[in-house]
Amino acid sequence: MQLLQSTLFLLLFLTCAAHAHNITRILAKHPEFSTFNHYLTLTHLASEINSRETITVCAVDNAGMADLLSKHLSIYAIKNVLAFHILLDYFGAKKLHQITNGTALAATMFQATGSAPGSSGFVNITDLKGGKVGFGAEDNGGILDASFVKSVDEIPYNVSVIQISSILKSPEAEAPTPAPSQMNFTALMAKKGCKEFADLLTATSAVKTFQDDADGGLTVFCPTDDIMKSFLPRYKNLTADGKASLLLYHGIPVYNSIAMLKSNNGAMNTLATDGGKKYSFTVQNDGEQVTLKTSVVTARITGTVVDEQPLAIYTIDKVLLPKELFKGVEAPTPAPAPAPEKVADAPKGSKKHISPPAPEGPDLAPSSDSTADDVSSGARLYGGWAMATGLGLGVLLMN
């Protein structure tokens with residue numbers, strides 16, 4: 001048994017170790033990739049890489065990055081180009097030279113963003129004669145403009161960091177990308193199923209706050225149209241200030257990718273926060289699922305509208321209700337307990353069997369005030385039942 005437990009512990013340790021990787025630390029051991037490493041951090045791609053269990057990073061050295069930077073692309077375009085060098089599959093040195101039929105097509109992180117039109121987010125990997133492996137964009141007529149240089153680091157079947165000879169050419173990735181403040185993000189919301197929320201934003205002064213924060217870093221959580229339509233009657237009952245606060249409550253004044261939300265669990269201030277702890281909610285994750293918990297509701301992130309640092313917009317399955325505007329569901333007031341019926345005298349020589357009254361009390365639904373109230377009311381309920389049981393037992397023993 002002890003041997004079995006030790007073996008299971010070792011396997012668990014190795015599994016966790018295999019999944020725990022940090023691309024920044026890996027590349028920091030190799031100064032020739034310092035520029036590439038810097039821009040992975042600057043564009044927040046590093047955290048996206050670290051959140052993946054299976055990934056291949058095609059790194060280029062400082063000379064290759066100098067060629068890219070000489071094009072004077074915006075930071076948003078540079079992010080797309082580097083995302084094109086991150087393959088969503090494992091390609092170690094051995095696998096590269098054993099590609100079935102000599103050619104493989106790999107999806108990239110650029111493809112996963114949804115910003116790559118058609119198949120422009122795929123990389124063609126070809127095992128060439130003489131032990132060479134070529135890389136190129138899938139839609140550039142079969143031209144392979146980079147080649148495999150060496151393996152930098154590998155965690156078999158999970159993470160592979162390889163060096164390729166030059167930056168992969170991709171006009172789609174290099175295309176000008178507008179700054180977040182220049183984006184019509186309410187139009188983006190409307191196209192991705194959040195038109196109701198976008199319309200409410202544009203009808204209030206809250207939209208200017210969102211626009212002003214976009215370039216400095218902004219994360220928005222927008223309820224989908226079906227959710228907002230059912231919520232509109234309650235929304236219309238709010239004051240003008242309440243409406244603005246509710247909308248601002250759906251924004252965080254910093255950029256957060258999904259990976260960052262998973263690693264930064266805890267209380268988050270919102271655009272509605274004005275000192276203290278008012279208008280905040282808690283970010284939690286269970287595996288891959290990220291939730292936003294207020295004192296009233298818990299919402300789940302269900303999709304991504306846009307994720308272009310420093311702006312991220314996600315869809316959620318509930319309207320976020322702050323305790324400052326809404327109260328939780330209160331427990332109903334308990335009905336008074338009926339008076340106990342008088343027990344008739346039993347014939348002489350027989351025993352009296354008195355059953356304790358069934359416990360009565362409120363539905364123990366959580367209130368918006370605190371969990372402690374629920375616990376104490378539950379304790380009082382249980383205590384009353386126990387007292388009744390004790391009295392009944394005492395009478396029984398006396399007879």
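In what sense, and over how many bridges, do β4 and strand β5 (residues 133–137) pair? In this predicted model, the two strands pair in the antiparallel sense, and five bridges join them. Within this pairing, isoleucine 125 stands opposite phenylalanine 135 of β5. On β3 (residues 103–107), strand β4 (residues 122–127) finds a further antiparallel partner, again over five bridges, and here threonine 126 of β4 is the bridge partner of threonine 103.

These strands belong to an open sheet of seven strands with mixed pairing, which runs in the order β2-β1-β7-β6-β5-β4-β3. Its edges are formed by β2 (86–87) and β3, each of which pairs on one side only. Along the edge strand β3 the side chains alternate, with Ala104 and Ala106 buried and pointing to one face, whereas Thr103, Leu105 and Ala107 point to the other face and are not buried.

An open sheet of seven strands with mixed pairing is also found in the order β9-β8-β14-β13-β12-β11-β10. Because β9 (251–252) and β10 (266–269) each have a single partner strand, they stand at the edges of this sheet, and one side of each is left without a neighbour in it. Strand β8 (residues 218–223) pairs with strand β14 (residues 311–316) in the parallel sense over six bridges, and leucine 218 has leucine 311 of β14 as its bridge partner. The edge strand β9 is also among the elements against which the buried residues of α14 pack, the others being the helices α11 (195–202), α12 (206–214) and α13 (225–236). In helix α14 (residues 240–248), the buried positions are Gly242, Ala244, Ser245, Leu246, Leu247 and Leu248.

Among the helices, α3 (residues 34–42) and α5 (residues 62–69) pack with their axes 7 Å apart and at an angle of about 55°, which means that α3 is oblique to α5. The contact brings Ser34, Thr35, Phe36 and Tyr39 of α3 together with Asn62, Met65 and Leu69 of α5; by class, four of the residues are nonpolar and three are polar, while none is charged.

Two buried side chains were examined individually. Asparagine 80, located in helix α6 (residues 75–83), has a relative accessible area of 6% and is therefore buried. Leaving aside residues up to four places away in sequence, asparagine 80 touches Phe110, Ala173, Thr177 and Glu308. The C-alpha atoms of asparagine 80 and threonine 43 lie 9.2 Å apart in space, although the two residues are separated by 37 residues in sequence. Glutamate 174, which is found in helix α9 (residues 171–174), counts as buried because its relative accessibility is 18%, under the cut-off of 20%. With residues up to four places away in sequence again excluded, the contacts of glutamate 174 are Lys71, Leu73, Ala77 and Val81.

The confidence of the prediction varies along the chain, for which the mean pLDDT is 80, with 76% of residues reaching 70 or more. Over residues 6–18 the pLDDT stays under 50, and the model has two contacts beyond four places in sequence for this segment. The pLDDT likewise stays under 50 over residues 329–335, for which 10 contacts beyond four places in sequence are present in the model. Where pLDDT is low, predicted coordinates should not be read in detail.

Key. Residues are numbered from 1 along each chain as its sequence is written. Side-chain values use heavy atoms; hydrogens and water are left out. Axes are lines fitted to C-alpha atoms, for helices over the stretch in contact, and angles run from 0 to 180 degrees between N-to-C directions. Helices (H or I, at least four residues) and strands (E, at least two) are DSSP runs, numbered from the N terminus. Angles under 35 degrees count as roughly parallel, over 145 as roughly antiparallel, 65 to 115 as roughly perpendicular and the rest as oblique. Contact means heavy atoms within 4.5 Å. Ala, Val, Leu, Ile, Met, Phe, Trp, Tyr, Cys and Pro count as nonpolar, Asp, Glu, Lys and Arg as charged, and the others, Gly among them, as polar. pLDDT is the predictor's confidence in each residue, from 0 to 100. Buried means under 20% relative accessible area, exposed over 50%, partly exposed in between (1.4 Å probe, protein chains only). Two strands pair if DSSP finds at least two bridges between them.
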